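Got your viewer ready? Let's take a walk through this one, stop by stop, with something to select at each.

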Amino acid sequence: MSTHETDEQAVRTAHTVPDRYRTAVVAHIMVADAPAALSFYRRAFDAVEDFRLDHPEGGVMHAEIRIAGATLMLGDVSEGPFTAPSALGGTSAALHVFVPDVDALVRTAVAEGAELLQPPADQFHGDRTAILRDPFGHLWVFLTHLEDVSRDELERRLTGA
């Protein structure tokens, strides 16, 4: 646990993130204005900035933030194979983050400028889920885990049998 997380936050996270997702792949996203993105993520998603390396010529070379305990890397678009969703007309990837209260996060994020694509709703897979697009073109799926659902029950719910 970092110095930024309280014991209460750690306990909530332990109960709201299914075990198989606690050590998931760390995403590294690129944006056209990393300082603005970092500010937005702090306000909208309650992100905590753990590390930041500014580029000598301006902008952010590399930063790491945590959202509900999940780590995300980001930086300004620079030379090389990286580009931002805005330059591509969208993105084919979505960032999934389990949070203690998806409804509260969505209210804050929308007030800060996120676009609500799917409002929070209980899903057949046992999570309350919402989908947002941030001002930088990234898609976010925020989830609050409600119940563990067996594979058989998932299939039953999906088919309505």
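**Stop 1: a patch on the surface**

Start by selecting M61, which is partly exposed at a relative accessible area of 43% (buried means under 20%, exposed over 50%, partly exposed in between, with a 1.4 Å probe and protein chains only). Before going on, note that this is a predicted model, where local features need pLDDT of at least 70 and side-chain atom pairs count only at pLDDT 80 or more, while totals for chains, interfaces and linings use all residues. Residues are numbered from 1 along each chain as its sequence is written, and side-chain values use heavy atoms, leaving out hydrogens and water.

M61 sits in strand β3, residues 60-67 (helices, H or I with at least four residues, and strands, E with at least two, are DSSP runs numbered from the N terminus). Now add F51 and L53: with M61 they make a nonpolar surface patch of about 270 Å² accessible area together. Patch members have over 30% relative accessible area and no salt bridge; nonpolar side chains (Val, Leu, Ile, Met, Phe, Trp, Tyr) are joined within 5 Å, like charges within 9 Å. The areas come from the Shrake-Rupley method with a 1.4 Å probe, and for residues only the protein chains shown count as cover.

**Stop 2: the aromatic rings**

Next, select F40, Y41, F45, F136, W140 and F142, a cluster linked by ring pairs. Rings of Phe, Tyr and Trp (its six-membered ring) pair if their centres lie within 6.5 Å; planes under 30 degrees apart are stacked, over 60 edge-to-face, and the rest tilted. The whole structure has nine aromatic pairs. Zoom in on F40 and F136: their ring centres are 6.2 Å apart and the planes meet at 70°, so this one is edge-to-face. F40 belongs to helix α2 (residues 34-45) and F136 to the loop between β7 (127-133) and β8 (139-145), so the pair ties together parts 96 residues apart in sequence. F40 is buried at 2% relative accessible area, and F136 counts as buried too, at 15%.

**Stop 3: two sides of a helix**

Move to helix α4, residues 102-111, and pick out the buried V102, L105, V106 and A109. They span an arc of only 100° around the axis, which puts them on the same side of α4 (the arc is that of the directions from the helix axis to the C-beta atoms). Swing round to the other side of α4 for R107 and A111, which are exposed.

**Stop 4: H145 and its contacts**

Which strand holds H145? That's β8, and H145 is buried there, at 17% relative accessible area. Its side chain makes a polar contact of 2.7 Å with the side chain of D148. A polar contact is a pair of N or O atoms within 3.5 Å; within protein, one must be able to donate a hydrogen and the other to accept it, and residues adjacent in sequence count only if both atoms are side-chain atoms. A polar atom of the H145 side chain also lies 3.3 Å from the backbone oxygen of E147.

**Stop 5: salt bridges**

Keep E147 selected and add R157: they form a salt bridge, with the closest N and O atoms 3.0 Å apart (a side-chain nitrogen of Lys or Arg within 4 Å of a carboxyl oxygen of Asp or Glu). R157 is in helix α5 (residues 151-159) and E147 in the loop between β8 and α5, so the pair ties together parts ten residues apart in sequence. R157 also bridges to E153 at 2.9 Å. Together, E147, E153, R156 and R157 are linked in a salt-bridge network.
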